[in-house]
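Colleague: I am new to reading protein models, and I would like to learn how to go from a picture to careful statements about it. Could we look at one together, feature by feature?

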Amino acid sequence: MSLLEVSHLTKSYPGSRPPGSWRRRRSVVVQDVGFTLDAGDCLAVVGESGAGKSTLGRLVLRLVEADSGAIVFEGQDVRGLAGARLRAARQHMQMIFQDPYSSLDPRMTVGQAVAEPLRAHTRDGREVREAQVGTLLDTVGLSARYAARYPAELSGGQLQRVSIARALALRPKLVVCDEPVTALDVSVRAQIINLLLDLKDEFGLAYLFICHDLSIVEVLADRVMVMRGGRVVEAGDVRQVFEAPREDYTRELLAAAPNPVPRMGGVRPGALA
């Protein structure tokens, strides 16, 4: 059984009202999407802006409610969960957002931000949480000294490492990565991608990796799903899709892809003391 099984997922929003009509059109942003994701694998979701990629990621975590379809995580339909059962499932499903500057509260220290899920989901005391925060910061290549700093004191790459540490705090099995390097300088993108690769191997994480850059997909993903206009137009193993794409749209995306991200070393614990 797969870790995550999504079927017939659909989401629409109210659109404009045609002249002379009292009914609003519905704007469908995700339409009849289905896929599976096994533990420890990375499925990349690619496509142009407006393809429905980010909405799909939020639907999977129920940050946005779907109109129809099923989201089965570890054998239970997440759409049917509520209260304590939903809260328990969410411990194993986390998200890394695109913009680390807006995803972290500027009034909270780094340590408070990383400890927030621990406070919400565990009964550990303050000293235990502080030790866990230090370990998590070490894991993403920072040091425990960063715990006392505020987001305004950190660079974009450092902030995204903090966001990753916070996502890992509850030892999730699934991480939705919503364009996690798009807001970063080119010089630090490879470091973050390589960190995500290392963490995937170390903790057996499954990634739903949302992006528009196919050069990153080639480095990080096991499988790729191409979306356009809310629909899946092509899916398969990365090598299969890259070497023999079936759809013209996929070929256009591949033709526009920059050079692959280089594999780098020295970006793990202690790299940023």
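Modeller: Let us begin with burial, for which we need one cut-off: a residue is called buried when its relative accessible area is under 20%, and exposed when that area is over 50%, with partly exposed in between. Please keep in mind throughout that this is a predicted model.

Colleague: Why does Thr 55 count as buried?

Modeller: Thr 55 has a relative accessibility of 19%, and therefore it counts as buried. Thr 55 belongs to helix H1, which covers residues 53-60, and, once residues up to four places away in sequence are set aside, it touches Lys 11, Tyr 13, Val 29 and Val 30.

Colleague: How does Thr 36 count, at 35% relative accessibility?

Modeller: Thr 36 counts as partly exposed, because its value of 35% falls between the two cut-offs. Thr 36 is placed in strand E2, and, leaving aside neighbours within four places in sequence, its contacts are Ser 2, Leu 4, Glu 5, Leu 43 and Arg 223.

Colleague: How many of the eight residues of H1 are buried?

Modeller: Six of the eight are buried, so H1 is largely enclosed by the rest of the structure. The buried ones are Lys 53, Thr 55, Leu 56, Gly 57, Leu 59 and Val 60. After H1 comes Arg 62, which has a positive phi, near 60 degrees.

Colleague: How should I read a sheet, and in what order do the strands lie here?

Modeller: The general idea is that strands of a sheet pair through backbone hydrogen bonds, either parallel or antiparallel. In this model there is an open sheet of four strands, in the order E2-E1-E4-E5, and the pairing is antiparallel. The edge strands of that sheet are E2 (26-37) and E5, each of which pairs on one side only.

Colleague: Which residues stand opposite each other in these strands?

Modeller: Strand E1 (residues 4-14) runs antiparallel to strand E4 (residues 68-73), and five bridges join the two; Glu 5, for instance, stands opposite Val 72 in E4. E4 also pairs with strand E5 (residues 76-77) in the antiparallel sense, over two bridges, where Val 72 faces Asp 77 and Phe 73 has Gln 76 as its bridge partner.

Colleague: What do E4 and E5 form, and what is the phi of Glu 74?

Modeller: E4 and E5 form a hairpin with two residues between them, and Glu 74, which lies in the turn, has a positive phi of about 50 degrees.

Colleague: Which residues have the most contacts inside the largest nonpolar core?

Modeller: A nonpolar core is built from buried residues of certain kinds that are joined through side-chain atoms. The largest one here has 51 residues, and those with the most contacts inside it are Val 46, Val 114, Leu 137, Ile 164, Tyr 207, Phe 209 and Val 217. Leaving aside neighbours within four places in sequence, Phe 209 is in contact with ten residues' worth of surroundings that include Cys 42, Val 45, Ile 193 and Leu 220. Another core lies apart from the largest one, with 32 residues, among them Phe 35, Leu 56, Leu 61 and Val 176.

Colleague: Where does the charged end of Lys 11 sit?

Modeller: The charged end of Lys 11 sits over the ring of Tyr 13, at 4.9 Å from its centre, and Arg 149 lies over the face of Tyr 146, at 4.3 Å from the ring centre.

Conventions
Residues numbered from 1 in each chain as written. Predicted model: local features only at pLDDT ≥ 70, side-chain atom pairs only at ≥ 80, totals over all residues. Heavy atoms only, no water. Lys NZ or Arg CZ within 6 Å of the ring centre and 35° of its normal. Core = buried A, V, L, I, M, F, W, Y, C linked by side-chain atoms within 4.5 Å. Buried < 20%, exposed > 50% of the residue type's maximum accessible area, 1.4 Å probe, protein only. Contact = heavy atoms within 4.5 Å. Pairing = 2+ DSSP bridges.
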